[in-house]
Structures are given as structure tokens and as C-alpha cells.
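Visitor: I am new to this structure and should like to learn how to read it. May we go through it feature by feature?

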Amino acid sequence: MSGNIKLLSDTLAAAKAEGRSALIAYLPAGFPTVDGGIEAAKAVFDGGADVVEIGLPHSDPVLDGPVIQTADDIALRGGVKIADVMRTVREAHEATGKPVLVMTYWNPIDRYGIERFTAELAEAGGAGCILPDLPVQESATWREHADKHGLATVFVVAPSSKDARLAEITAAGSGFVYAASLMGVTGTRESVGEQAQDLVRRTQATTALPVCVGLGVSNAEQAAEVARFADGVIVGSAFVKLLLSADGDLAAGLAGVRALAGELAAGVRTRS
């Protein structure tokens, strides 16, 4: 079975044709529970997200800030497995028909097996993977299997990336490019800043792939700011924070993330 890279590309192209940025939401699998995480993914889609990234919880993250680390710890203590990640992808996609990716560090895939992981992700209806710590120069085997199974390979670029390095990264990637708006870890910020706009400009000069900005966006005003120059706006910690603050009240948490998705969806259409 082939994965849904085309659905991802078509979704991002449709947003562009509407004259807006796409809204991409991030949620970790297994948080607050496996079933609760699935319902949260459906809720952000209901609220207006175009794409959802499902995080594979990891004990030693390099990109995730304290909010997502807390959620990952809850998921790991709850016994979340890769099978639960695949189930989350499958059920979120089947319920909505929308593109769902996995965001994961490389070690779990390496231990699980590249062919096994890509085949199962495609069979679950996944659209691809975001791989923040896989060096492009070491990614050929992964990309071969991802291509075979119809999965996007999304790499992360940072403000520190030189132009030649950006070109190398974007030439190897597919689906879209994840532009980290600042040097640091995930989390809400008061301002996303000019660094992100410069990075998007330099990245777009190297590729026709959509360039989507993550790290720091947490409200409609910031989403509108980023939507002026980026093809997509990625929001994670703000959703996770709402689920954490619900303190076990899943219904309240789901209502919160659905409402925030609606506000952000309006924001990416504003481009103020």
C-alpha cells in the first residue's frame, strides 16, 4: 500500500491556491492516553487544521521543549509503543481523510527497522515523516524506502543553516520543508521574529517545496504574522499545553484544542 505524500502535497497546494498558509498541528501519540491522543488529533482537524503531525515520544529529545517533554514523559510512562503511533495515524486519517505525518527522532526507527517502519506507516495511511536529527548525508537508505512507500521525507532547516546547506537539505527532502523559526527548542514565544522570515526567504530560493514555520507560534496573531511569508504555520506546544492544563478532564482539553485550532485557522487566513 502506498502512503499519502500526494494528499499532503495536494493539501498544501490547495491552501496556497486559496491565498493562505496551511495550518499544521503537532500532538504526541499516547498523550494523555493513546485513545485521548487520537481524539485530540481529530479535534484539531475538526477545528480547522489542514495537516497533523503525530509525535513519537522519545526519552532523549533534542528539539522538544519542556511542554512536549512533559507530555512525552506521560506517554512513555503509559507504555506507548510504535504500534500505538501507527494506530493514531490510521484512526486520525480514516476519520478525517486528511494528511497525517509522524515526527520522530532517528533512533526509534533505526531500532524498529526502516523497511518495517515505512511499510507500516504507509499501510496506516501516513503521509510521511519529519526527521529532525537525521543528517541529510546519512539519509539515502531512509529516502529509498520512503519513496518506495509513497511517504514524504521532511527535513528541518534552522537560521544557522548556510545557503549551500539549505540547498543540500531541500534537494533531498519532499512534502515540505520544516523551518525552525529560531535556534532553540519548541515552546510558545512572545514573538516569532524576523529570523524566521529571513530563513523562509533563503529556503524558498533553493526549492519549490512549501516552507512551513514551526517553533514559537501559539496564537492567532502570531499565526497571521507567519502566514504573511510562510506556506504553512506549525503549532505544537500551545495545543499540548491546553491538554496538560485540563488536568485529566479530556473533554475540556479536547474543547480547548478544537477552539485553538479554529482561532489559528482564522489567523492563517488573515495574513495581517
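Guide: Certainly. This is a predicted model, and we may begin with one helix. Six of the eight residues of helix 10 (residues 220-227) are buried, so this helix is largely enclosed by the rest of the structure.

Visitor: Which are the buried residues of helix 10?

Guide: They are Ala220, Gln222, Ala223, Ala224, Val226 and Ala227. As a general idea, an α-helix has 3.6 residues a turn, so residues three or four places apart point the same way. In this helix, the cover over the buried residues includes strand 8 (211-214), strand 9 (232-235) and helix 12.

Visitor: What is found at the start of helix 10?

Guide: There, a side-chain oxygen of Asn219 comes to within 3.1 Å of the backbone nitrogen of Glu221.

Visitor: Strand 8 was named as part of the cover. How should a strand be read?

Guide: In a regular strand the side chains alternate between the two faces of the sheet. In strand 8, Val211 and Val213 lie on one side, Cys212 and Gly214 lie on the other, and all of these are buried, so that both faces are covered.

Visitor: How many bridges join strand 8 to strand 7 and to strand 9?

Guide: Strand 7 (residues 177-180) is joined to strand 8 by four bridges, and the two run parallel. Within that pairing, Tyr178 has Cys212 as its bridge partner. Strand 8 also pairs with strand 9 in the parallel sense, over two bridges, and here Val213 stands opposite Val233.

Visitor: In what order do the strands form the sheet?

Guide: Nine strands make an open sheet with parallel pairing, in the order 5-4-3-2-1-9-8-7-6. Strand 5 and strand 6 (156-157) stand at the edges with a single partner strand each, so one side of each has no neighbour in the sheet.

Visitor: Which strand pairs with strand 5, and over how many bridges?

Guide: Strand 4 (residues 128-130) pairs with strand 5 in the parallel sense over three bridges. Ile130 stands opposite Val154 of strand 5.

Visitor: Is Thr153, in strand 5, buried or exposed?

Guide: To judge this, one compares the relative accessible area with a cut-off: under 20% is buried. Thr153, which belongs to strand 5 (residues 152-154), has 1% relative accessibility and therefore counts as buried. Its side chain makes a polar contact of 2.8 Å with that of Trp142. Setting aside residues up to four places away in sequence, Thr153 touches Cys129, Leu131, Trp142, Arg143, Ala146, Gly173 and Ser174.

Visitor: How may a loop residue be read? Let us take Leu134 and Pro210.

Guide: One asks where the residue lies and what surrounds it. Leu134 is in the loop between strand 4 and helix 7 (140-148), and with a relative accessible area of 6% this residue is buried. Beyond its neighbours within four places in sequence, Leu134 is in contact with Trp106, Ser139, Trp142 and Phe155. Pro210 is in the loop between helix 9 (194-204) and strand 8. The C-alpha atoms of Pro210 and Val177 are 6.3 Å apart, although 33 residues separate them along the chain. Apart from residues up to four places away in sequence, Pro210 touches Leu12, Gly175, Phe176, Val177 and Asp231.

Visitor: Which residues have the most contacts inside the largest nonpolar core?

Guide: That core has 91 residues, and those with the most contacts inside it are Val44, Phe117, Trp142, Phe176 and Phe239. Helix 12 (residues 250-268) gives the most to this core, with seven residues. For Phe117, leaving aside neighbours within four places in sequence, the contacts include Leu56, Ile82, Met86, Val102 and Trp142.

Visitor: Finally, how does one describe the chain as a whole?

Guide: One counts its elements and then considers its extent. The protein chain has 12 helices and nine strands. Its radius of gyration is 17 Å, close to the 19 Å that the globule rule gives for 272 residues, so the chain is as compact as a globular protein of that length. The C-alpha atoms fill a box of roughly 45 × 45 × 30 Å along the principal axes. Buried residues make up 58% of the 272 residues. Of the contacts with a separation of 6 or more, 74% are between residues 24 or more positions apart. The accessible surface is about 10,600 Å², and carbon and sulfur atoms account for 50% of it.

Methods: Residues numbered from 1 in each chain as written. Predicted model: local features only at pLDDT ≥ 70, side-chain atom pairs only at ≥ 80, totals over all residues. Heavy atoms only, no water. Core = buried A, V, L, I, M, F, W, Y, C linked by side-chain atoms within 4.5 Å. Buried < 20%, exposed > 50% of the residue type's maximum accessible area, 1.4 Å probe, protein only. Contact = heavy atoms within 4.5 Å. Polar contact = N/O pair within 3.5 Å; in protein donor to acceptor, adjacent residues only side chain to side chain. Rg over C-alpha atoms; globule rule 2.2 N^0.38 Å. Areas by Shrake-Rupley, 256 points an atom, 1.4 Å probe, with all protein chains shown as cover. Pairing = 2+ DSSP bridges.
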